[in-house]
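Okay, thanks for coming, everyone. I'd like to walk you through one protein and the way its helices pack, so have a look at the screen.

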Amino acid sequence: MEYSRSIIDIIKERTSRRSYTPRAVEAEKREALERMFAQVQGPFGGRARFAILDTSGWGEGRINSLGTYGTIQGATLFIVGMIARGGHDMEDFGCQFEKIILRATDLGLGTCWIGGIFNRSRFALKAGVRENEVLPAISPLGYPTERRSVADSVIRWSAGSRNRRPWADLFFDRDFERGLAPDRAGRYAEPLEVLRLGPSASNRQPWRVVKEQGRDVFHLFLCRSRGYDKLIKAVDLQRLDMGIAMSHFEVAASELGLEGRWRTSPPRLDFVPERTEYVQSWVGG
Ligand SMILES: Cc1cc2nc3c(=O)[nH]c(=O)nc-3n(C[C@H](O)[C@H](O)[C@H](O)COP(=O)(O)O)c2cc1C
């Protein structure tokens, strides 16, 4: 993959940015991102399509032309993505879009996953979404203002964006009864740590991971937040979060030289917490 420096450092640096300066994004940076569009892959083999849209002609000054209710300010360029509907379309999309977001971070550009409220039909029309496709998310792309806007700060505060759940809430040893401490994760402590740092819709962090005993096998589960699935009907935001988690885990493992791959191999567990569903397993070695 085309990153210019440590992907683990890039992941640690990324944060959602919602207000932008008028400074234009250089053609070379756009091209670098566009090259990435064709390269990125997801764990289930579904290929998403991406484009950069310039919204500057969409009705200047009209705060709502993007449909984000003024939460995104000053941005004219947006990365948009679409994928054919299918079994694991959202995980595949989440994984691929996040790899692009990380490349934008690498290039010194600001981004913000927007999967909730925006003018989805307008972006879909402009992006040329096909009948069997869905447009799960977009992201502004540009140079962020030095200081966050009030709107950005309010959203971050209400989502608790600066914080992440502790390891004990997310990672488990053998089964869901025992938490996994970093020193029990071996060489995978860092890939798990960067999974934990990932962005998620409303910062809900629905990822859960169960490590097998004595093997580098990690089973990923989605623990759905109560009532959240009904919020946005068009897309399953928490499955996008799972794809993001998979991208972080996978790129960090690859940087550390840890070989492995995604496989469907659900573990036999006596107890699985409520609203928790199996997604996929990483099989190392
Ligand atoms: C799938 C997804 C959808 C999101 N949708 C929105 C959105 O519609 N509006 C918004 O302001 N932020 C959105 N976010 C950004 C999250 O609020 C943010 O990632 C989270 O609070 C953590 O903050 P950080 O990205 O700065 O680490 C979304 C994030 C993800 C992963």
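Let me start with a pair of helices, α7 and α8. They count as roughly antiparallel to each other, because their angle is over the 145 degrees cut-off. The angle itself is about 150°, and the two axes sit 8 Å apart. For orientation, α7 covers residues 189-196, and α8 runs over 237-255. The crossing of this pair is right-handed. If you want to click on side chains, α7 brings E190, P191, V194 and L195, while α8 brings A245, H248, F249, A252 and A253. Sort those contact residues by class and you get seven nonpolar, one polar and one charged.

Oh, and before I go on: this is a predicted model, so please keep that in mind.

Now stay on α8, and bring in α3, which is residues 89-106. What is the angle between α3 and α8? About 50°, with the axes 6 Å apart. So this pair is oblique. The crossing of α3 and α8 is again a right-handed one. The contact list here goes like this: from α3 we have M90, E91, D92, F93, G94, C95, E98 and K99. From α8 we have R239, L240, D241, M242, G243, I244, M246, S247 and V251. By class, that contact of α3 with α8 holds eight nonpolar, three polar and six charged residues.

Helix α3 has another partner as well, α2, at residues 27-39. Their axes come within 10 Å and cross at roughly 155°. That makes α2 roughly antiparallel to α3. Handedness of the α2 and α3 crossing? Right-handed. On the α2 side you'll find L33, M36 and F37, and they meet I100, R103 and A104 of α3. That splits into five nonpolar residues, no polar ones and one charged.

Okay, let's zoom out to domains. The domain assignment gives us domain 1 at 7-155 and domain 2 at 160-284. Taken over C-alpha atoms, the centres of the two are separated by 24 Å. How many residues does each domain put into the contact? It's 22 from domain 1 and 26 from domain 2. On the domain 1 side, α1 (7-13), α3 and β3 (133-141) each supply at least two residues. And our friend α3 gives the most to that side, with eight residues. The class split for the domain 1 side is 11 nonpolar, five polar and six charged.

Last stop, the ligand. Which residues are closest to it? Those are W113, G115, G116, S161 and P199, out of 22 residues that surround the ligand. Both domains take part: the shell draws at least three residues from each of domain 1 and domain 2. Among the helices, α5 (150-159) and α8 each supply at least two shell residues. It's α8 that gives the most, with four. By class, the shell has 12 nonpolar residues, nine polar and one charged.

So if you take away one thing, have another look at α8. It packs against α7 with axes 8 Å apart, it packs against α3 with axes 6 Å apart, and α8 also gives the most residues to the shell around the ligand. Okay, that's me done, happy to take questions.

Definitions and conventions. Residues numbered from 1 in each chain as written. Predicted model: local features only at pLDDT ≥ 70, side-chain atom pairs only at ≥ 80, totals over all residues. Axes fitted to C-alpha atoms, helices over the stretch in contact; angles between N-to-C directions. Parallel < 35°, antiparallel > 145°, perpendicular 65-115°, else oblique. Left-handed = near helix turned anticlockwise from the far one by under 90°. Contact = placed C-beta atoms within 7 Å. Nonpolar A, V, L, I, M, F, W, Y, C, P; charged D, E, K, R; others polar. Domains from an automatic or database assignment. Near = placed C-beta within 6 Å.
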